[in-house]
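Colleague: Got a minute to walk me through this one? I'd like to go over the charged residues and then the core.

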Amino acid sequence: MRESKLSYATDIKPLFTSIDREHMIFMFDLWSYEDVKLNAADIYDAVSNQRMPPEGPWLQSQIDVFKAWIDQGSPP
């Protein structure tokens with residue numbers, strides 16, 4: 001994982017596939033910075049407990065990046 005500041009645009013959005021987006025659009029848009037920031041705790045809970053994404057669990061390194069982004073204040 002990078003030591004520098006993470007960003008939604010370069011580090012987080014690419015974690016979500018178009019299938020992930022379609023699967024969750026009824027609740028929020030995973031390709032929307034604002035939606036992901038507002039729902040970050042719930043998304044983290046879902047990916048860390050392997051309830052999301054629909055195509056199979058994230059790697060631990062992906063979960064760690066998402067958590068680090070949250071811990072850094074969820075920058076755009």
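**Charges, core and odd backbone spots**

Modeller: Sure, and keep in mind that this is a predicted model. Let's start with an acid: the side chain of Asp 20 reaches the backbone nitrogen of Thr 17 at 2.9 Å.

Colleague: OK, and where is Asp 20 found?

Modeller: Asp 20 is in helix H2, which covers residues 18-24.

Colleague: Which side chain of opposite charge is nearest to Asp 20, and how far away is it?

Modeller: That would be Arg 21, at 10 Å. Asp 20 has no salt bridge, even though it is buried.

Colleague: What does Asp 20 touch, then, leaving out residues up to four places away in sequence?

Modeller: Leu 15, Leu 30, Pro 53 and Pro 54. Pro 53 has a backbone feature of its own: the peptide bond leading into it from Met 52 is cis, with omega near 0°. You'll find Pro 53 in the loop between H4 and H5.

Colleague: Anything else going on in that loop?

Modeller: Gln 50 lies in the loop between H4 and H5 too. Its phi is positive, near 60°, and Gln 50 is not a glycine.

Colleague: Is Gln 50 buried or exposed?

Modeller: Exposed, because its relative accessible area is 58% and the cut-off for exposed is over 50%.

Colleague: Back to charges. How many salt bridges does the structure hold?

Modeller: There are 3. In one of them, Arg 21 pairs with Asp 29, at 2.7 Å from N to O.

Colleague: How buried or exposed are those two, Asp 29 and Arg 21?

Modeller: Asp 29 counts as buried because its relative accessibility is 16%. Arg 21 comes out at 28%, so it counts as partly exposed.

Colleague: And what does Asp 45 pair with?

Modeller: Arg 51, with the closest N and O atoms 2.3 Å apart. Arg 51 is exposed, at 53% relative accessible area, while Asp 45 is partly exposed at 33%.

Colleague: Which residue forms a salt bridge with Asp 71?

Modeller: Lys 67 does, with the closest N and O atoms 2.7 Å apart. Both residues are in helix H5, residues 60-71, and they sit 4 residues apart, about one turn of the helix.

Colleague: Why would that spacing suit a pair?

Modeller: An α-helix has 3.6 residues a turn, so residues three or four places apart point the same way. As for accessibility, Asp 71 is exposed at 53%, and Lys 67 is partly exposed at 31%.

Colleague: There's another acid in that helix, Asp 64. What does its side chain contact?

Modeller: The side chain of Asp 64 makes a polar contact with the side chain of Gln 60, at 2.8 Å. Asp 64 is partly exposed, with a relative accessible area of 35%.

Colleague: Let's stay on H5. How many residues does it have, and how far does it reach?

Modeller: H5 has 12 residues and reaches 16 Å from first C-alpha to last, close to the 16 Å expected.

Colleague: Which H5 residues are buried?

Modeller: Ile 63, Val 65, Phe 66, Ala 68 and Trp 69. The cover over the buried residues of H5 includes helices H1 (8-12), H3 (33-38) and H4 (40-48).

Colleague: So what about the core? How many residues has the largest nonpolar one?

Modeller: It has 21 residues, and Ile 12, Phe 16, Val 36, Ile 43, Phe 66 and Trp 69 have the most contacts inside it. H1, H3, H4 and H5 each give two or more residues to this core, and H5 gives the most, with 5.

Colleague: Tell me about Trp 69. How accessible is it?

Modeller: Its relative accessible area is 0%, so Trp 69 is buried. Beyond its neighbours within four places in sequence, its contacts include Leu 6, Tyr 8, Ile 12, Val 36 and Ser 74.

Colleague: And Val 36?

Modeller: Val 36 touches Trp 69 and Phe 66, and its other contacts include Ile 12, Phe 16, Asp 29 and Ile 43.

Colleague: You mentioned Ser 74 as a Trp 69 contact. What is its phi?

Modeller: Positive, about 55°, although Ser 74 is not a glycine. Ser 74 lies in the segment after H5, and it counts as buried at 6% relative accessibility. Gly 73, which follows H5, has a positive phi as well, near 95°.

Key
Residues numbered from 1 in each chain as written. Predicted model: local features only at pLDDT ≥ 70, side-chain atom pairs only at ≥ 80, totals over all residues. Heavy atoms only, no water. Buried < 20%, exposed > 50% of the residue type's maximum accessible area, 1.4 Å probe, protein only. Lys, Arg positive; Asp, Glu negative; His and termini not counted. Salt bridge = Lys/Arg side-chain N within 4 Å of Asp/Glu carboxyl O. Polar contact = N/O pair within 3.5 Å; in protein donor to acceptor, adjacent residues only side chain to side chain. Contact = heavy atoms within 4.5 Å. Expected span 1.5 Å × (residues − 1). Core = buried A, V, L, I, M, F, W, Y, C linked by side-chain atoms within 4.5 Å.
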